[in-house]
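Here is a short report on strand pairing, nonpolar cores and internal cavities. Please look over the model before reading on.

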Amino acid sequence: MADSAPPSPVAPPRRKTGRHRGEGQWAVGHFTPLNANEQVKRDDDGLNVRTRIETIYSKAGFHSIDPSDLRGRMRWWGLYTQRRPGIDGGKTAILAPEELDDEFFMLRVRVDGGRLTTGQLRVIGEVSEEFARGTADLTDRQNIQYHWIRIEDVPEIWRRLEAVGLSTTEACGDTPRVILGSPVAGIAEDEILDGTPAIEEIQRRFIGNPDFSNLPRKFKSAVSGSPSLDVAHEINDVAFVGVHHPEHGPGFDLWVGGGLSTNPRIGVRLGAWVPLADVADVYGGVIGIFRDYGYRRLRNRARLKFLVADWGPERFRQVLEDEYLGRPLADGPAPAQPVERWRDHVGVHRQKDGRFYVGFAPRVGRVDGATLTKIAALAEEHGSGRLRTTAEQKMIVLDVPEEQVPSLVAGLEALDLRVGPSPFRRGTMACTGIEFCKLAIVETKARGASLIDELERRLPDFDEPLTINVNGCPNACARIQVADIGLKGQLVTDDATGRQVEGFQVHLGGALGLEAGFGRKVRGLKVTAAGLPDYVERVLRRYQQQRTDGERFAQWVTRADEEDLA
């Protein structure tokens, strides 16, 4: 695939297919009728809103923002309005957008590959303190999110971030989102190959490129050469997974069509081996298929996973090779199952150069600007200029000399950033929740943090790897379907009072990496938020009583009786 841009998405080439579904696929001539989202994108490219933010909205204030920009195009620069305080979860699906909107924004900083310098982290912390009331959450896509951002401050925030090489470009919207990468790329002793050059080439060619800024919906991607399978490749639109080819050597196995939300699907292998030098070309082919053949008519079918499900992997690979690459891909092997149960890189680990990296766990990704600046200072003080975020809401300090490790660990622990966390601290993630998110029904961050404390107190000797993912709504930002214990926020009836209260539908036994699959929903199993610690304690004690040697929680769930899971 040449480095030149493909045809403009405004008038893509017509291609003939054997079926004509009227799904809004540009490649078969379906340009109308347009739903509201597609009309907004046709009226003006989302990338163009930056000029209006800088020259109009930041000067005239929140009420000057055009509604199509406010709830549409501003996402192309990482900006979402946040939830107005005081609106309970029962009104989430009832109120109009303008009733839910606060006059403040979430701003997402994309951290491709999770790569940060200490200088960049310091600026992120300073921006948090000055403009975001101290907020700065780590996400499960390696990004960092601010809240309480005023539109008046956005140009200055951009100036400071971009001065150190950071960006919010296409951090949200119907765009190529952040590229996940192994947090230990280039340093791990067991690495198959370093995918960093591919991530950098994808950034250069596709991010902020108007030819790919109008996709049917979001496009999520991952590149990792780690045998620990540390980027949740199974639930990305496209993923490149490190493998050893028996003839060609190290390269990547190609996966497409993964995703969660209300219609979860595990990605499928195309059976193709991709050398490092070709990753950006293949990425371009897959995102091109999505742009041209993706379903634009119905918003709830506009993800790549639906096209892959309808086509199947064989047809998808054929179209990729024939129409977008102009050449066949080599067949290749599947990735090996990971040896380690944890793949978040928490703890102290030797690098291939003899130095060490140190991974640590905040509580459910919740940090703040002051803490981030202290982390940057600690890393520099102990000989490091590099850090990484992970796809598990964790962070890693790289390149630490052996003699500096004990002092660094002590400094992190003093900040309540655990290098040797309990399974509950290590394995619990939470989405933003009702505190800021307009889609949420229940609170998540504080709930997840208090659940950790309760489980550590009640089950101090529990030592099995376990994931508990807390989500505020059905959209699965916190990956509830692939957790050992996935909690989907909803209103439930309190048996004692008969009133509707915050609670969760429970998914049990999901997994990624080891026997990837979706959790089991026990019929009628819902718990109130107040009763959550009791429920989790109860089911974990039954697991401890009934498990066989070496049996993981997810394996036990598949054979357990429903009454043992209730």
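In which sense do E10 and strand E11 pair, and over how many bridges? The pairing is antiparallel, over 2 bridges. The model behind this report is predicted.

## Strand E10 and its partners

Strand E11 covers residues 330-331. Within this pairing, Trp273 stands opposite Ala330 in E11.

E10 also pairs with strand E9 (residues 249-256). These two run antiparallel and are joined by 4 bridges. Here Phe252 stands opposite Val274 of E10. E10 itself spans residues 268-274, and 5 of its 7 residues are buried, so the strand is largely enclosed by the rest of the structure.

## Nonpolar cores

The largest nonpolar core contains 52 residues. Ile53, Met74, Phe105, Leu121, Tyr146 and Ile149 have the most contacts inside it. A second core is separate and has 41 residues, including Ala27, Ala198, Ile202 and Phe316.

## Cavities

There are 3 cavities of 30 Å³ or more. The largest has a volume of about 450 Å³. Its lining has 28 residues; Arg341, Arg343, Thr467, Asp484 and Leu512 lie nearest the centre. By class, 12 lining residues are nonpolar, 6 polar and 10 charged. Helices H13 (423-427) and H16 (553-559) each supply at least two of them.

The second largest cavity has a volume of about 60 Å³. It is lined by 13 residues, with Gly181, Ser182, Ala185, Thr196 and Ile199 nearest its centre. This lining has 3 nonpolar, 7 polar and 3 charged residues. Helix H7 (196-206) and strand E7 (219-224) each supply at least two residues to this lining.

Conventions:
Residues numbered from 1 in each chain as written. Predicted model: local features only at pLDDT ≥ 70, side-chain atom pairs only at ≥ 80, totals over all residues. Heavy atoms only, no water. Buried < 20%, exposed > 50% of the residue type's maximum accessible area, 1.4 Å probe, protein only. Pairing = 2+ DSSP bridges. Core = buried A, V, L, I, M, F, W, Y, C linked by side-chain atoms within 4.5 Å. 1 Å grid on protein atoms, 1.4 Å probe; cavity = no way out; pocket = protein on both sides within 12 Å on 5 of 7 lines; lining within 4 Å. Points joined across faces, edges and corners; volume = space filled by probe spheres on them. Nonpolar A, V, L, I, M, F, W, Y, C, P; charged D, E, K, R; others polar.
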